[in-house]
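The exercises below ask for a reading of a two-chain model. Work through each task before turning to its solution.

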Amino acid sequence: MNLLELNKKLAGISLISLGLFIILYQLNIVAVETEKIFGMLIVLCSSISVYIFLDKNERAKLALSVIIFFVGVLFLVESYYEILTTRGIVFTSILFINGGIFLILFIDNSKEKIFLSISLLSFFLSFLSYTILRKMGLFELANKIANLLEIFWPVILLVMGIGIFINRKK
Amino acid sequence: MQDEKNIQDGSDENLFNKMDDGSNPKIPVKKLQRSKNNVIIAGVCSGVAGYLNTDPANIRVIALLTFLLGGWFLAAYIVLAFLLPADNNAEQPAPEFKQKIKKENFRTLLGGLLILAGFHFAMKMFGINSGLKIILFAKQFVWALAIILLGLFLISKQKIFTEYNKNILPQKFSKSRNDKLLFGVCGGLAQYLGIDSFVIRIVLILSALLTLGMFLLIYLLFAIAAQFEKDESFGIK
């Protein structure tokens, strides 16, 4: 059995056990924080996936593995710390995850210096958003715009969906 | 006259012989069966579309929208997936055509899901209870079942990802000339990663919205720093 098959099996078993844990938790049989377990399993499986897909010309899967890894980290952070401004963490996380994706893509193909630049810029913006920009009232502004977006959210989704559906044959 | 005579004589055998001798073209009988060439899950929607002589994409989007009325479609789909026979006589399409179908199906599914989500949120905004609420009745329990199913799917020998031809992926990142809306950055990234450019564009738009346009700085850096792909038709290198 190769490493990819092993990782698939590991991911499958992890998901099944997680699902069973959630059901047992709902039935008050076990008292485990599912977010913590979920985060740990996701981080474990995605780390193996990154190792497998690195330098294998499987860039989309590599990028997806990095996204899943950071989602797992977010679950873990959320389970350990009480985060009050959820929208604030989304703002910073998107930029940080983007930085992570392009850093891995640069490691995968070190000739592409542009990926390193994009990665550094993303990390810098992420850091900036949580320090200086936050003090300047960025999160309040983000909240206001998010509230406005919430009103137009269905329209945005419908326009995008119809656009994709019409252009499906292009 | 001969036929009339046969009928009058009661000799039906001659009539059947005449029908089967190939002189009369056979009218194909429409059968409701699962498609084997145009499949996303089990080929039910495609089979129904074939029976109704319409585009499978329309049936798929209608099927997705029925989730707004409750989960009855899902139940009907599962029943039909087990009951309907597979269309084993269908000819295998060419690999290029298969790839085209896959791409179209992916976009149909993505577009359909976005339309479904849009309608769901619109209904929620106007205080109408969408059927999606019925499906997600006991959130945790349904999610647990979904996770278990996904786990079982992973353990089975099924292929989850589409296998792309690795040789298609370019060795170098460059902005796309053919798949371009503004600067060709999304098209170029899509080619480099081997995924649909629509996905990159949607991720970019959503990220730009959620980061108050800060993500556009990253896009602009790409647009300025990256080069366009070689245009071999004009000999530009």
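A polar contact is a pair of N or O atoms within 3.5 Å; within protein, one atom must be able to donate a hydrogen and the other to accept it, and residues adjacent in sequence count only if both atoms are side-chain atoms. The model is predicted: local features need pLDDT of at least 70, side-chain atom pairs count only at pLDDT 80 or more, and totals for chains, interfaces and linings use all residues. Residues are numbered from 1 along each chain as its sequence is written, chains are lettered from A and ligands numbered from 1 in the order in which they are written, and side-chain values use heavy atoms, with hydrogens and water left out.

**Exercise 1.** Describe the surroundings of Lys175(B), starting from its place in chain B.

Solution.
Step 1. Place the residue: Lys175(B) sits in the loop between α8 (139-155) and α9 of chain B. Helices (H or I, at least four residues) and strands (E, at least two) are DSSP runs, numbered from the N terminus.
Step 2. Classify its exposure. Buried means under 20% relative accessible area, exposed over 50%, and partly exposed in between (1.4 Å probe, protein chains only). Lys175(B) has 7% relative accessibility, so the residue counts as buried.
Step 3. Look for a polar partner: the side chain of Lys175(B) reaches the backbone oxygen of Ala226(B) at 3.4 Å.
Step 4. List contacts, meaning heavy atoms within 4.5 Å. Leaving aside neighbours within four places in sequence, Lys175(B) is in contact with residues including Phe183(B), Val185(B), Phe222(B), Ala226(B) and Glu229(B).

**Exercise 2.** Which elements make up chain A, and which make up chain B?

Solution.
Step 1. Chain A has seven helices and zero strands, in the order α-α-α-α-α-α-α from the N terminus.
Step 2. Chain B has 11 helices and, again, zero strands; along the sequence its pattern is α-α-α-α-α-α-α-α-α-α-α.
Step 3. Add burial: 44% of the 170 residues in chain A are buried, and 36% of the 237 residues of chain B are buried.
Step 4. Add contact range. Among contacts between residues at least 6 apart in sequence, the share joining residues at least 24 apart is 60% in chain A and 55% in chain B.

**Exercise 3.** Find the residues that touch the most other members of the largest nonpolar core, and say where the core draws its residues from.

Solution.
Step 1. A nonpolar core is a set of buried Ala, Val, Leu, Ile, Met, Phe, Trp, Tyr and Cys residues joined through side-chain atoms within 4.5 Å.
Step 2. The largest core has 42 residues, and Phe115(A), Phe173(B) and Phe222(B) touch the most other members.
Step 3. At least two residues each come from α2 (34-53), α3 (59-80), α4 (86-108), α5 (113-130) and α7 (138-166) of chain A, and from α9 (185-193), α10 (197-210) and α11 (215-225) of chain B. The most, nine residues, come from α4(A).
Step 4. A further core of 14 residues lies apart from this one, with Ile59(B), Phe67(B), Leu116(B) and Met123(B) among them.
Step 5. Take Phe173(B) as a case: beyond four places in sequence, its contacts include Glu112(A), Ile114(A) and Phe115(A), as well as Leu189(B), Tyr192(B) and Phe222(B).

**Exercise 4.** How many residues of each chain are in contact with the other chain, and how much area is buried between them?

Solution.
Step 1. Contacts link 58 residues of chain A with 57 residues of chain B.
Step 2. Buried area is the accessible area (1.4 Å probe) that two parts lose on being put together, summed over both. Here it is about 5300 Å², and carbon and sulfur atoms give 78% of that.
Step 3. Arg59(A), Ile164(A) and Arg168(A) supply 13% of the area that chain A buries against chain B, more than any other three residues.
Step 4. Inspect one residue of chain B. Ile148(B) lies in helix α8 of chain B and is buried, at 15% relative accessibility. Not counting residues up to four places away, Ile148(B) touches Leu15(A), Ile16(A), Gly19(A), Leu20(A) and Ile23(A).

**Exercise 5.** Is Asn53(B) buried or exposed, and what marks its backbone?

Solution.
Step 1. Asn53(B) is in the loop between α3 (44-52) and α4 (56-65) of chain B.
Step 2. Its relative accessibility is 64%, so Asn53(B) counts as exposed.
Step 3. Although Asn53(B) is not a glycine, its phi is positive, about 60 degrees.
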